[in-house]
Amino acid sequence: MPEPLKNLYSPALIEKMGNHLKRVSPGFDKAMFVDKASTGLDVLELKERAAQIRIALDACLPSDLERAIEIMLASLHPEDNVELSDVGMDDKGIRGWAVMPMSDLVGLRCNESFDAALNAQKEMTKRFSSEFGIRHLILADQDRAMAAITKWADDDNYHVRRLASEGTRPRLPWAMKLPAFIADPSPSLPILEKLKNDPTEYVRRSVANHLNDIAKDNADTTAGICAQWMENATPHRKKLIRHALRTLIKQGHPVALETLGFGEAEIELSSLNIRTPVVQFGEALEFEGVIRSTADRKQQLAIDFIVHWRKANGDTAPKVFKLKTLTLGPGEHVSIQKRHPIRPITTRKYYPGPQAVELQVNGKPCGRHDFELVMTD
């Protein structure tokens with residue numbers, strides 16, 4: 001069984017952080033820091049552990065923010081432009097998950113020295129993404145923050161370029177939302193324009209996720225941008241666009257479908273067969289069917305399925321899941337088979353009783369069929 005993510009913030013990590021901070025600032029009270037950061041760590045979840053380490057840092061570093069930033073930056077691992085997802089600290093300095101509490105501390109206190117805070121986020125993101133910490137600065141002074149962040153999209157370091165996109169996402173997971181960007185995403189669009197052909201997949205993936213964020217509140221904006229970008233698009237940019245439009249394709253947005261070559265589907269669905277008309281919670285919904293092309297030409301098909309989950313009040317709410325994309329020639333057919341587990345997840349509460357499943361082809365639902373979900377106490 002994989003190690004819980006929260007264990008990334010361990011007593012050993014705190015000890016190493018303390019060693020590096022003490023190394024660059026002999027007056028740093030390492031014993032106090034370790035005690036404050038480690039007490040009761042076992043009962044805390046990941047973000048709570050990060051917050052406790054941040055509070056300990058704040059208590060043990062100088063009260064002057066600029067001096068505190070000097071110490072934190074001096075303790076960082078030398079910049080080496082490597083992939084940061086799996087790296088940790090070594091004897092050269094702090095990097096990896098240990099940076100997040102430092103970035104959050106700088107963000108929360110950014111009004112004390114805004115320019116120093118901006119520079120700190122830029123340097124810290126080279127050792128671990130500052131995508132959470134930078135949002136404090138955007139919320140505190142959007143114009144001033146965005147003036148700097150937009151320039152970061154041209155930086156030589158790809159971690160800094162990625163931060164320009166990832167840190168300004170309207171609905172970044174795990175992070176504070178940016179309400180102004182949810183209402184109007186235009187401040188971040190010049191950044192995405194600069195990065196649409198970035199040489200690094202890590203950066204382009206962030207741009208795609210950013211556009212998908214925008215699509216949740218401003219669907220036509222994302223669809224329009226992607227339609228423009230598809231003209232003379234390289235294979236890398238086409239991949240970015242496909243990922244950016246994933247939510248809109250599931251929703252059947254006409255411009256998104258057209259951009260990716262999915263027109264009005266001309267198909268015939270053989271009776272959708274539910275192999276498990278009664279599903280015991282913890283087991284799986286199984287269904288199958290056959291889709292045949294009735295067109296006189298080849299057509300691209302985006303095939304999804306929709307589960308209409310029962311809610312507490314007896315109504316149902318649809319959830320779209322991706323199945324496959326393919327090309328069918330005239331008269332050709334494809335068999336669809338799916339086994340969809342229904343088991344406990346943190347993002348959904350299930351209710352027993354009638355539910356339904358149907359296929360969706362190029363944004364159009366077809367072949368709805370009911371099933372029963374049984375839950376035992």
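Hi everyone, let's start with one pair of residues: Arg109 and Asp58, whose side chains form a salt bridge with N and O 2.9 Å apart. Before I go on, please keep in mind that this is a predicted model.

So where do these two partners sit? Arg109 is in the loop between α5 (99-108) and α6 (114-124), while Asp58 belongs to helix α3, so the salt bridge ties together parts that are 51 residues apart in sequence. Is Arg109 buried or exposed? With a relative accessibility of 11%, Arg109 counts as buried. Asp58, on the other hand, comes out as partly exposed, at 35%.

If salt bridges are new to you, here is the general idea: side chains of opposite charge can pair when their charged atoms come close. How many salt bridges does a search of the whole structure find? The count is 25. Let me show you two more of them.

Please look at Lys6 and Glu45, where the N to O distance is 3.7 Å. This salt bridge links distant parts of the chain, with the two positions 39 residues apart in numbering terms: Lys6 is in the segment before α1 (11-24), and Glu45 is in the loop between α2 (30-38) and α3 (46-60). Glu45 has a relative accessible area of 45%, which makes Glu45 partly exposed.

Next come Lys30 and Glu15, with their closest N and O atoms 2.5 Å apart in a salt bridge. Here both partners are in helices: Lys30 in α2 and Glu15 in α1, so parts 15 residues apart in sequence are tied together. Glu15 is partly exposed too, at 33% relative accessibility.

Now for a pair of helices. Find α12, residues 201-215, and then α13, residues 219-229; they pack with their axes 6 Å apart, at an angle of about 140°. How do we describe that arrangement? The angle makes α12 oblique to α13.

Which residues make the contact? From α12 we have Val207, Leu211, Ile214 and Ala215. From α13 the list is Ala219, Thr221, Thr222, Ile225, Cys226 and Trp229. Sorted by character, the contact has eight nonpolar residues, two polar ones and no charged ones.

To recap, we began with Arg109, which is buried, and its salt bridge to Asp58. We then visited Lys6 with Glu45 and Lys30 with Glu15, and we ended at the contact of α12 with α13, which has no charged residues. Thanks for listening, and I'm happy to go back to any of these spots on the screen!

Conventions:
Residues numbered from 1 in each chain as written. Predicted model: local features only at pLDDT ≥ 70, side-chain atom pairs only at ≥ 80, totals over all residues. Heavy atoms only, no water. Axes fitted to C-alpha atoms, helices over the stretch in contact; angles between N-to-C directions. Helix = DSSP H or I, 4+ residues; strand = E, 2+ residues; numbered from the N terminus. Parallel < 35°, antiparallel > 145°, perpendicular 65-115°, else oblique. Contact = heavy atoms within 4.5 Å. Nonpolar A, V, L, I, M, F, W, Y, C, P; charged D, E, K, R; others polar. Salt bridge = Lys/Arg side-chain N within 4 Å of Asp/Glu carboxyl O. Buried < 20%, exposed > 50% of the residue type's maximum accessible area, 1.4 Å probe, protein only.
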